[in-house]
Amino acid sequence: MPTTMTLTELAEAGEMDLGTSDWLEVTQEMVNQFADATLDHQWIHIDVERATAGPFGGPIAHGFLTLSFLPHLVGQILQVTEASAGVNYGLDKLRFTSPVPVGGRVRANGRLLETAEKGSGVMATVEVTVEIEGSDRPALVATWLILRYP
């Protein structure tokens with residue numbers, strides 16, 4: 001169940017755990033579509049036969065594909081009512097710590113670190129860890145800046 005708060009409550013919120021999202025399966029179709037959209041057709045992502053003989057034992061998701069799941073995954077753990085729009089403001093820190101195998105499942109754990117008023121909006125700094133099911137190492141760890149507007 002997501003943490004739900006108004007924009008005003010977000011602005012006044014302190015550091016808090018946001019919880020964990022549902023698992024999301026990373027399919028070869030997702031990887032292929034991402035490769036087409038970004039023009040990144042490296043064989044470790046899209047050539048299943050070659051990737052199976054490669055360093056990871058099979059195709060892996062692009063790191064930036066895993067990153068692009070953040071709006072979906074974090075949206076499952078943090079809902080801000082009374083906000084008409086939200087934008088990605090940036091990342092203070094991002095590390096891709098382990099590859100995500102195609103067919104693997106990922107989920108996000110989030111922690112609200114701080115909030116601040118920014119113009120007419122509220123900036124939330126969220127520490128996000130994307131876990132890989134069955135792995136001791138996460139896929140990525142990021143400090144994400146999200147700006148929400150009334």
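**Exercise 1. A loop residue**

Is E82 buried or exposed, judged by its relative accessible area?

*Solution.* Start with the scale: buried means under 20% relative accessible area, exposed over 50%, and partly exposed in between, with a 1.4 Å probe and protein chains only. E82 has a relative accessible area of 56%, so E82 is exposed. Next, place the residue: E82 sits in the loop between β4 and β5 (85-96). Finally, look at the backbone: E82 is not a glycine, yet its phi is positive, about 65°.

A word on the model before going on. This is a predicted model, in which local features need pLDDT of at least 70 and side-chain atom pairs count only at pLDDT 80 or more, while totals for chains, interfaces and linings use all residues. Residues are numbered from 1 along each chain as its sequence is written, and side-chain values use heavy atoms, with hydrogens and water left out.

**Exercise 2. The overall layout**

Describe the protein by its elements, its box and its surface.

*Solution.* Begin with the elements: helices (H or I, at least four residues) and strands (E, at least two) are DSSP runs, numbered from the N terminus. The protein has six helices and eight strands, and along the sequence they follow the pattern β-α-β-β-α-α-α-α-α-β-β-β-β-β.

Then take the dimensions. Along the principal axes, the C-alpha atoms fill a box of roughly 50 × 30 × 25 Å. Of the 150 residues, 39% count as buried.

Now turn to contacts, meaning heavy atoms within 4.5 Å. Among the contacts with a separation of 6 or more, 71% come from residues 24 or more positions apart.

Last, the surface: about 8000 Å² is exposed, with carbon and sulfur atoms supplying 49% of it. These areas come from the Shrake-Rupley method with a 1.4 Å probe; for residues, only the protein chains shown count as cover.

**Exercise 3. The two sides of a helix**

Which residues of α2 are buried, and how do they lie around the axis?

*Solution.* First list them: Q28, V31, F34 and A35 are the buried residues of α2. They cover an arc of only 125° around the axis, and therefore lie on the same side of α2. The arc is that of the directions from the helix axis to the C-beta atoms. The background is simple: an α-helix has 3.6 residues a turn, so residues three or four places apart point the same way.

Next, check the other side of α2, where E29 and A37 are exposed. Then find the packing partners: the buried residues of α2 pack against α3 (43-46), α4 (48-52) and α5.

End with what follows the helix. L39 comes after α2, in the loop between α2 and α3. Like E82 in the opening exercise, L39 is not a glycine, and its phi is positive, about 65°. At 69% relative accessibility, L39 counts as exposed.

**Exercise 4. A buried alanine**

Where is A51 found, and which residues is it in contact with?

*Solution.* A51 belongs to helix α4. Its relative accessible area is 2%, so A51 is buried. Leaving aside neighbours within four places in sequence, A51 is in contact with W43, I44, G57, G58 and P59. For a spacing to check in the viewer, the C-alpha atoms of A51 and E25 are separated by 19 Å.

**Exercise 5. The nonpolar core and strand β7**

Which residues of the largest nonpolar core touch the most other members, and what does β7 contribute?

*Solution.* A nonpolar core is a set of buried Ala, Val, Leu, Ile, Met, Phe, Trp, Tyr and Cys residues joined through side-chain atoms within 4.5 Å. The largest one holds 35 residues, of which L10, V26, V106 and V128 touch the most other members. Elements giving two or more residues to this core include α1 (7-12), α2 (28-38), β6 (105-118), β7 (121-132) and β8 (140-149). The largest share, six residues, comes from β7.

Now follow three valines, leaving aside neighbours within four places in sequence:

- V126 lies in β7 and is buried at 0% relative accessibility; its contacts include L18, R111 and W144.
- V128 is in contact with L70, V74, A108, N109, L140, V141, A142 and W144.
- V130 lies in β7 and is also buried at 0% relative accessibility; T66, L70 and V106 are among its contacts.
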